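Here is a quick tour of one model, going from a helix to the core and then on to the charged side chains. Have the structure open as you read.

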Amino acid sequence: FYEQWGRSRLEAEQLKRENLQSQFLALKNQVSPHFLFNSLSTLGSLIEEDQKRASAFVQNLASVYRYVLQSMDRAVVPLETELQAARAYIFLQQTRFGESLQVCLDVPDASKGLGIVPFTIQLLLENAIKHNIVSNERPLTIRMSVENGNQLVVKNNLQRKQSVESGEG
């Protein structure tokens, strides 16, 4: 019993460390100069073209950062909260890529109360965009659904880039 209790404690500590590492990497990705540069470049071109869309872009960018601040100390958030943040992130990316990026969120209301580690969806979306070609000729389609009542599934059409910048693993 004592040995099993000790192993359980070690596993719990390891999971806690991994969760903190995951949160740190997500926060680091959020405030990365690359993400901010792309967002500001998109915003700069929007200001002259479409002020209403530029305003919506700023609101969604603020929403993404607000979520970062509100969630960075939490191990789990409701799926609905994660989806709201993901929608703001998707808006930013669709503004950047236009019709070349298509995202379908098919999550039933019954699943929205499930728990999920913060930034999970955004990291999966970032990876799909980072590792695949996103162009008018070859649009990237990302589909998100819940299977078996509690499994979040994210799929995209595979269009590998020739060279991909290194990531965090």
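## One helix and its buried side

Start with H5, where the buried residues are Ile 121, Gln 122, Leu 125, Glu 126, Ala 128 and Ile 129. Keep in mind that this is a predicted model. Those buried residues span an arc of only 160° around the axis, so they sit on the same side of H5.

As for its length, H5 is built from 12 residues and runs 17 Å from first C-alpha to last. That is close to the 16 Å expected at 1.5 Å a residue.

## The nonpolar core

Two of those H5 residues, Ile 121 and Leu 125, turn up again in the largest nonpolar core, which has 31 residues. Together with Leu 79 and Leu 140, they touch the most other members. The elements giving two or more residues to this core are helices H2 (33-49), H3 (51-71), H4 (79-97) and H5 (120-131), plus strand E4 (140-147). Which of them gives the largest share? That would be H4, with 8 residues. As a general point, nonpolar side chains in soluble globular proteins tend to be buried together.

Leu 140 is worth a click. Setting aside neighbours within four places in sequence, Leu 140 is in contact with Ala 128 and Ile 129, and also with Asn 132, Ile 133 and Val 134. Other contacts of Leu 140 include Ser 100, Leu 101 and Gln 102, as well as Asn 156, Asn 157 and Gln 159.

## A small charged network

How many salt bridges does a search of the whole structure find? It comes up with 3. In general, side chains of opposite charge can pair when their charged atoms come close.

Take Glu 80, which has a salt bridge to Arg 87 at 3.9 Å, N to O. Glu 80 is partly exposed, with a relative accessibility of 23%, and Arg 87 is partly exposed too, at 36%. Glu 80 also forms a salt bridge with Lys 112, where the closest N and O atoms are 3.8 Å apart. Since Glu 80 lies in helix H4 and Lys 112 in the loop between strands E2 (101-106) and E3 (115-116), this pair ties together parts that are 32 residues apart in sequence.

Lys 112 also meets Asp 109 in a salt bridge, this one at 3.1 Å, N to O. Asp 109 is exposed, with a relative accessible area of 64%. Follow the shared partners and you get one network joining Glu 80, Arg 87, Asp 109 and Lys 112.

How values were computed:
Residues are numbered from 1 along each chain as its sequence is written. This is a predicted model: local features need pLDDT of at least 70, side-chain atom pairs count only at pLDDT 80 or more; totals for chains, interfaces and linings use all residues. Side-chain values use heavy atoms; hydrogens and water are left out. A nonpolar core is a set of buried Ala, Val, Leu, Ile, Met, Phe, Trp, Tyr and Cys residues joined through side-chain atoms within 4.5 Å. Buried means under 20% relative accessible area, exposed over 50%, partly exposed in between (1.4 Å probe, protein chains only). Helices (H or I, at least four residues) and strands (E, at least two) are DSSP runs, numbered from the N terminus. Contact means heavy atoms within 4.5 Å. The expected span of a helix is 1.5 Å times one less than its number of residues. The arc is that of the directions from the helix axis to the C-beta atoms. A salt bridge is a side-chain nitrogen of Lys or Arg within 4 Å of a carboxyl oxygen of Asp or Glu.
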